[in-house]
Amino acid sequence: MAPCWRQGASLLPVTLWLLQCFSWGQAETVRTSNVLTGPGAQDQGYMSHERVKRGWVWNQFFVVEEYTGTEPLYVGKIHSDSDNGEGMIKYTISGEGAGTIFIIDEITGDIHATQKLDREEKAHYTLRAQARDRYSSAPLEPESEFVIKVQDINDSEPKFLEGPYIGSVAELSPIGTSVMKVAASDADDPTYGSSARLVYSVLDGEVFFFVDRDTGVIRTAVADLDRETQDRYELVVKATDMAGQMGGLSGSTTVTIVITDVNDNAPSFPQKLYQFSVSEGADLGTPIGRVIATDADMGDNTDMSYLIAEGEDGELFKITTDGETQEAVISVKKPLDFENKQIHTVVVEAMNKHVDERFVDLGTFRDKTIVKVSVSDVDEPPVFFPPLGAIMEVQEDARLGALVGTVTARDPDRENVPVRYSIDQSSDQEHIFHIDPVTGAITLGKILDRETAGWHNITVTAVEAGNPAQASQSAVSIRILDVNDNPPELATPYEASICEDAKPGQIIHTISVVDKDEPQSGHRFYFTLAPEANSNRHFTLWDVKDNTAGIRTQRSGFNRQEQNIYLLPILVVDSGPPALSSTGTVTIHVCGCDPDGAIQSCNATAYVISAALSPGALIALLVCMLILIVLVLLILTLKRHRKGQRMSEEEEDMRDNVIKYNDEGGGEQDTQAYDMSALRSLYDFPEVKSADSGAELPCLPQWIQSRVSGDGGAADFSLFHGYIRKKVEQADADLSVPPYDSFQTYAFEGTSSPALSLSSIRTLSTTSEQDFSYLSDWGPRFRQLAGYYAPGQPEEEGS
């Protein structure tokens with residue numbers, strides 16, 4: 001079966017028909033392995049060059065797109081070898097578009113396209129052909145696949161799928177600088193003819209830019225693009241297919257090109273003269289005014305810095321740049337003085353921070369302007385001369401009232417205005433200095449001592465006499481000049497050591513001195529032995545001449561047993577004037593040394609003890625120890641004896657609530673006049689022994705003891721024994737008493753007293769006068785009581 005591609009005489013040239021038929025006739029007799037002959041060939045897939053008789057004979061079909069005729073478009077014809085023209089074979093097709101787009105004549109095998117095709121939508125269709133028996137519908141040959149290709153025509157115009165475009169280029173770029181690239185696409189077949197071959201051109205804006213015909217790259221056409229003149233350009237770029245030939249289709253897009261800024265413009269001040277005013281009393285850093293230079297550029301290219309040109313007036317002001325507004329802020333750098341100068345002229349210069357080296361030939365990229373600053377007058381406080389403070393000097397031994405120096409201040413606004421001076425008391429709390437309020441003369445108020453304070457810093461205040469609110473202060477430093485009023489002294493209490501076998505001329509120690517004074521020419525000290533050491537034959541003094549001296553031995557051989565310590569007085573004299581001196585003592589120890597000269601011991605006593613003690617020394621040592629022991633025993637015995645007497649006196653009166661007074665206090669209510677411990681130990685009865693009987697007796701008052709032992713008679717204690725026995729029986733019979741030892745109080749004074757009753761209670765019951773003169777005979781213990789009842793003094797009621 002083979003196709004014969006035939007078209008109408010008006011559609012395709014005769015040549016194309018002949019080529020198709022030639023291909024069909026050739027295919028009818030030649031067959032290769034890539035032609036399907038049946039299912040077996042597909043399964044085996046082997047390669048063969050055998051010439052066989054084929055059943056299907058055809059070629060690839062073509063159909064032109066966009067066919068607009070009224071009749072179906074003839075595509076081609078299929079034919080089978082088994083078709084003898086009797087109409088016994090039925091041809092069918094299946095696959096893409098079969099029955100809808102493509103139809104076949106079942107008898108002749110002619111294929112027609114019933115619809116208009118668009119290659120841009122689908123470029124080819126794959127179908128399968130089948131030859132069957134018309135009556136039995138049995139396949140006569142295996143089904144075979146064929147392709148119908150849609151042949152392209154130039155029916156699609158170019159399109160810019162990414163448009164419109166926006167690009168940028170820096171101003172002043174050279175000719176040919178690439179800006180951006182545009183690209184159009186054409187849906188036509190790029191492999192067939194020139195339908196998809198595009199060329200580019202600029203329709204509008206070709207004066208400043210051009211586009212590469214083949215690549216679509218847009219480039220600058222001029223070198224003087226100026227952003228400040230025009231910052232963007234609108235271009236229309238066209239793409240044409242058919243390589244730009246007549247009849248080709250075209251499409252266009254808009255391209256916006258933004259001109260970016262470069263630093264090609266210098267800053268410029270809109271004014272060439274600015275005027276400001278400021279008060280002379282303005283603080284440092286006070287803003288005076290603002291100026292600004294304009295720049296036609298944009299962004300960072302407008303960043304600029306300002307400076308003040310060098311000059312006398314320029315040192316009084318400083319200039320800074322406001323980062324947000326790019327303004328120059330002029331402020332006060334140094335104090336201004338109206339009386340010195342009223343108008344200051346400075347030159348302010350502005351310059352770009354970021355200069356493009358490519359455009360330095362365009363200019364200096366800086367501009368200048370003049371700023372005049374007028375200073376206004378204000379009432380100012382007095383000004384000191386010198387303004388930074390004065391330094392004065394005074395001798396340490398200057399007398400009271402001596403002149404130290406004079407400070408001077410004047411009113412800067414007006415001449416001959418009186419000024420008053422004073423010293424800030426916080427800077428001179430000890431009132432060492434005084435100042436004359438009119439003249440400013442500083443004098444001494446106290447004696448000075450440089451060694452205590454070498455400098456004094458005071459603050460002097462000056463005020464206008466007519467306006468005390470206008471005040472100023474100045475520091476005055478007073479240096480105290482030294483006077484030689486302190487003698488030199490040895491730096492430390494020197495102690496030196498020498499060996500017993502020291503050689504003559506050996507230096508055993510080096511000494512130095514200190515002096516509180518500080519002479520301007522420096523210290524110079526002289527050393528010599530004190531007059532009381534002139535007879536010394538053991539040591540000499542060597543003045544080293546560098547304010548130190550060395551002690552040398554004068555003889556050989558020292559003996560610790562004879563003398564182990566030497567005191568060497570040394571006289572030190574300074575250079576004055578006047579020359580002052582002092583004497584210091586150096587202690588020199590004689591020590592025992594080993595053969596190498598290393599000191600072993602400097603203690604003479606240890607040296608002696610180390611030897612054998614003689615019998616006499618041992619006896620003397622024992623006697624001394626015995627004497628010490630005896631002295632200690634005597635002291636302990638005396639202390640014990642005194643303590644016993646004190647206890648017997650305190651316990652002499654055992655009556656309850658009877659207190660002994662050793663002073664003339666305020667009576668029983670005066671609890672601070674006696675020892676409270678006496679009350680707490682009233683019932684602590686020490687036992688004493690009678691001299692005759694040896695029996696233990698309670699401690700009794702002295703007048704009772706004297707009766708017992710003094711006259712030899714026996715005292716009658718039966719009354720007391722009976723009283724105590726009765727008390728003991730009552731305590732034993734009392735059921736409330738605890739079943740263990742308890743303390744009982746026996747406040748019993750006996751029947752009577754030789755001195756009768758001392759109570760004043762009985763005086764309430766009688767109006768008779770009593771004589772208490774006998775109280776004076778009882779001794780010093782009743783002296784105070786006798787004073788209360790002395791003759792001639794009436795007894796107070798209720799006493």
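Accessible areas here come from the Shrake-Rupley method with a 1.4 Å probe. With that in hand, and remembering that you're looking at a predicted model, let's start with everything on screen.

**Stop 1: the whole chain**

Show the surface first. The chain exposes about 48,900 Å², and carbon and sulfur atoms supply 53% of that area. Of the 799 residues in the chain, 32% are buried. Now switch to cartoon: there are eight helices and 41 strands to find. If you like contact maps, take the contacts with a separation of 6 or more; residues 24 or more positions apart account for 65% of them.

**Stop 2: the sheet 15-21-20-17**

Select strands 15, 21, 20 and 17. They make an open sheet of four strands in the order 15-21-20-17, and the pairing is mixed. Which strands stand at the edges? Strand 15 (273–279) and strand 17 do; each has a single partner strand, so one side of each is left without a neighbour in the sheet. Look across the strands and you'll see a twist: neighbours are turned by 30° against each other on average, direction ignored.

Next, colour strand 20 (residues 343–352) on its own. How many of its ten residues are buried? Seven are, so strand 20 is largely enclosed by the rest of the structure.

Stay on strand 20 and look at its two partners, beginning with strand 17 (residues 304–308). Strands 17 and 20 pair in the antiparallel sense over five bridges. Show Ile-308 as sticks and you'll find Val-348 of strand 20 standing opposite. Then add Ser-305, whose bridge partner in strand 20 is Met-351.

On the other pairing, strand 21 (residues 366–376) runs antiparallel to strand 20, and nine bridges join the two. For a landmark, pick Val-346: its bridge partner in strand 21 is Val-371. While you have sticks on, here's a handy rule for reading the picture: in a regular strand the side chains alternate between the two faces of the sheet.

**Stop 3: the sheet 24-28-27**

Hide that and select strands 24, 28 and 27. These three strands form an open sheet in the order 24-28-27, with antiparallel pairing. Strand 24 (403–406) and strand 27 (433–435) stand at the edges with a single partner strand each, so one side of each has no neighbour in the sheet. Neighbouring strands in this sheet are turned by 25° against each other on average, direction ignored.

Zoom in on strands 27 and 28 (residues 441–444), which pair in the antiparallel sense over three bridges. To pin down the register, select Phe-433, which has Leu-444 in strand 28 as its bridge partner.

**Stop 4: the disulfides**

Now show the cysteines as sticks. A disulfide is a covalent bond between the sulfur atoms of two cysteines. How many disulfides does the chain have? The count comes to two.

Select Cys-499 and Cys-593. They are joined by a disulfide with an S to S distance of 1.9 Å. The torsion about that S-S bond is about -90°, so this disulfide is left-handed. Cys-499 lies in strand 32 (residues 495–499) and Cys-593 in strand 38 (residues 581–593), so the pair ties together parts that are 94 residues apart in sequence. Is Cys-499 buried or exposed? Its relative accessible area is 14%, and with buried meaning under 20%, Cys-499 counts as buried. Cys-593, at 23% relative accessibility, is partly exposed.

Then move to Cys-591 and Cys-602, whose sulfur atoms are 1.7 Å apart in a disulfide. Here the S-S torsion is about 100°, so the disulfide is right-handed. Cys-591 belongs to strand 38, while Cys-602 sits in the loop between strand 39 (599–601) and helix 3 (604–609), eleven residues apart. Cys-591 is buried, with a relative accessible area of 0%, whereas Cys-602 is partly exposed at 27%.

Put both bonds on screen together and trace the connectivity: counting bonded cysteines along the chain, the disulfides follow the pattern 1-3, 2-4.

**Last stop: Cys-624**

Finish by selecting Cys-624. How much of Cys-624 is accessible? Its relative accessible area is 45%, which makes Cys-624 partly exposed.

Conventions. Residues are numbered from 1 along each chain as its sequence is written. This is a predicted model: local features need pLDDT of at least 70, side-chain atom pairs count only at pLDDT 80 or more; totals for chains, interfaces and linings use all residues. Side-chain values use heavy atoms; hydrogens and water are left out. Buried means under 20% relative accessible area, exposed over 50%, partly exposed in between (1.4 Å probe, protein chains only). Two strands pair if DSSP finds at least two bridges between them. Axes are lines fitted to C-alpha atoms, for helices over the stretch in contact, and angles run from 0 to 180 degrees between N-to-C directions. Contact means heavy atoms within 4.5 Å. A disulfide is a pair of cysteine sulfur atoms within 2.5 Å.
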